[in-house]
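Biologist: I'd like a close look at one part of this model, and then whatever else helps me place that part in the whole. Take your time and keep it informal.

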Number of protein chains: 2
Amino acid sequence: MRIDVRKSVLGANDEQAQRNKALFEASHLTVINVMASPGAGKTSLIMRLLEKLPPEFSRGVIEGDIASSVDADRIAAVGVPVTQINTGGGCHLDAVMIDRAMYDLELQGPGYLFIENIGNLVCPTDFRLGETAAMVVASVPEGDDKPIKYPAIFARADAVVLNKIDLLPFIDFSLSAFTAAVRAVNETAPIINVSCTTGEDIDAVIRWLMGMAPDVKQ
Amino acid sequence: MRIDVRKSVLGANDEQAQRNKALFEASHLTVINVMASPGAGKTSLIMRLLEKLPPEFSRGVIEGDIASSVDADRIAAVGVPVTQINTGGGCHLDAVMIDRAMYDLELQGPGYLFIENIGNLVCPTDFRLGETAAMVVASVPEGDDKPIKYPAIFARADAVVLNKIDLLPFIDFSLSAFTAAVRAVNETAPIINVSCTTGEDIDAVIRWLMGMAPDVKQ
């Protein structure tokens, strides 16, 4: 007898993700599942976005890491509510972890919740968390071929943010090759080029977020 | 009843890894399991090393990828025997995949075989392939805190290569913080700083490899 463990795990996860999604909607929260390689700049991008979101929105962060609270400490230092999930070796977040984290966070909308997934372009792909939208962050030093090598995660992105464009003069990276590689697997997601170091074009990500703004008048 | 699937999977993998190791030793092959984040420069480093290894050694590459043959094509273009493993979503290579790949490669020693694992700092950690040594490649743009966030893979490294040091002037990265973070989990692995773009200090990696050279006289 062969048991399809993977299918059953994903099915249970999807059910919890649906419950999370219902809770997020009832709480007037727009929730972004932020996925990327290690070191692409997920935390830096989230910090830039927290800073630039209009003040009428509440905000919160769930930080996923294998180990350490380095990223959560950075978020907490700017006074934004944050809760840390340490997976202790697990290569992605799942919907049950998010359910538990929400008890700690006690975030009330209307507002934005950012979930920083584990740095990994493979494992987080199939695990829905109940998010409003999935954002994949790529970065210039990783190379323009990443969407070819990791197609599934780019295919599922609702937005692709290309970070570290301030490094373009120093690195062999073709913006048109990157765009073509994304478009080969994803025809619709906006591709937004930014630098979290200089702040360039962070506003374009804010505009994308505002397009999904929860209702401020409750 | 709870079945410890993980333990049983790893046990079976370890047994095949032992068989691979015996085969590698009998074939006078020094085998390097190259692990890193996506875009850290694994393929570029392997290409630099292939170029600089003394000519008396044979050489070969096993390329692991989720999808595509981009990296294998780069290796094949310089005339080195290469075989591609596409995991189709799997987040790491395992010992059985290597066993099968060796049938395709037909590599005879004395020589060096490089196995480029899936770009991932989590999943490859526990899966031994039968390698002589594990090399973890980090890169400057990923940040100096990666060993804190992904301790297990740095703990198991026999060598840590820090790539893209040509970008140090443009990025906020502390070499001493990185070294301290590696040393917190790994007291012995050499830490070798290189640039695959400029070729700087590739020779230091060659020296480390030569310390494990297989016997040329058979």
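Modeller: One bit of vocabulary before we start: a crossing of two helices is called right-handed if the near helix is turned clockwise from the far one by less than a right angle, and left-handed if it is turned anticlockwise. Also keep in mind that this is a predicted model.

The part I'd pick is helix α2, and I'll begin with chain A. There, α2 covers residues 42-52 and packs against helix α8, residues 202-210, with the axes 10 Å apart and an angle of about 70 degrees between them. Angles from 65 to 115 degrees count as roughly perpendicular, and α2(A) and α8(A) are therefore roughly perpendicular to each other. As for the hand, α2(A) and α8(A) make a right-handed crossing. On the α2(A) side the contact is made by A:Leu45, A:Arg48, A:Leu49 and A:Lys52, while α8(A) brings A:Ile202, A:Asp203, A:Val205, A:Ile206 and A:Leu209. Sorted by class, that contact between α2(A) and α8(A) has 6 nonpolar and 3 charged residues, with no polar ones.

Now over to chain B. The axes of α2(B) and α8(B) come within 10 Å and cross at roughly 70 degrees, which makes α2(B) roughly perpendicular to α8(B). The hand of the crossing where α2(B) passes α8(B) is right-handed. From α2(B) the residues in contact are B:Leu45, B:Arg48, B:Leu49 and B:Lys52, and from α8(B) they are B:Ile202, B:Asp203, B:Val205, B:Ile206 and B:Leu209. The class count for α2(B) with α8(B) comes to 6 nonpolar, no polar and 3 charged residues.

Two of those charged residues in chain B deserve a second look. In general, side chains of opposite charge can pair when their charged atoms come close. Here B:Asp203 and B:Lys52 form a salt bridge, with 3.0 Å between the closest N and O atoms. The pair links distant parts of the chain, since B:Asp203 belongs to helix α8 and B:Lys52 to helix α2, 151 residues apart. Over all chains, a search of the whole structure finds 10 salt bridges.

Helix α2(B) has another neighbour to consider: helix α3(B), residues 70-77, packs with α2(B) at an angle of about 15 degrees, their axes being 11 Å apart. Anything under 35 degrees counts as roughly parallel, and α2(B) and α3(B) are therefore roughly parallel to each other. Here, too, there is a hand to give: α2(B) passes α3(B) in a right-handed crossing. The residues that make this contact are B:Thr43, B:Ser44, B:Ile46, B:Met47 and B:Leu50 of α2(B), together with B:Asp71, B:Arg74 and B:Ile75 of α3(B). They divide into 4 nonpolar, 2 polar and 2 charged residues.

Stepping back to the two chains together, 30 residues of chain B are in contact with 30 residues of chain A. About 2200 Å² is buried between chain B and chain A, and carbon and sulfur atoms give 66% of that area. The salt-bridge count between these chains is 2. For a concrete pair across the chains, look at B:Lys149 and A:Asp71, whose side chains meet in a salt bridge at 2.7 Å, N to O.

Finally, some backbone details to check on your screen. In chain A, the peptide bond from A:Gly109 to A:Pro110 is cis, with omega near 0 degrees. A:Pro110 sits in the loop between α4 (95-105) and β4 (111-116) of chain A. In chain B, the bond from B:Gly109 to B:Pro110 is cis, with omega near 5 degrees, and B:Pro110 is in the loop between α4 (95-105) and β4 (111-116) of chain B. Then there's A:Lys164, which has a positive phi of about 65 degrees although it is not a glycine. You'll find A:Lys164 in the loop between β6 (159-163) and α7 (175-185) of chain A.

Key:
Residues numbered from 1 in each chain as written. Chains lettered and ligands numbered in written order. Predicted model: local features only at pLDDT ≥ 70, side-chain atom pairs only at ≥ 80, totals over all residues. Heavy atoms only, no water. Axes fitted to C-alpha atoms, helices over the stretch in contact; angles between N-to-C directions. Helix = DSSP H or I, 4+ residues; strand = E, 2+ residues; numbered from the N terminus. Parallel < 35°, antiparallel > 145°, perpendicular 65-115°, else oblique. Contact = heavy atoms within 4.5 Å. Nonpolar A, V, L, I, M, F, W, Y, C, P; charged D, E, K, R; others polar. Buried area = accessible area lost by both parts, 1.4 Å probe. Salt bridge = Lys/Arg side-chain N within 4 Å of Asp/Glu carboxyl O.
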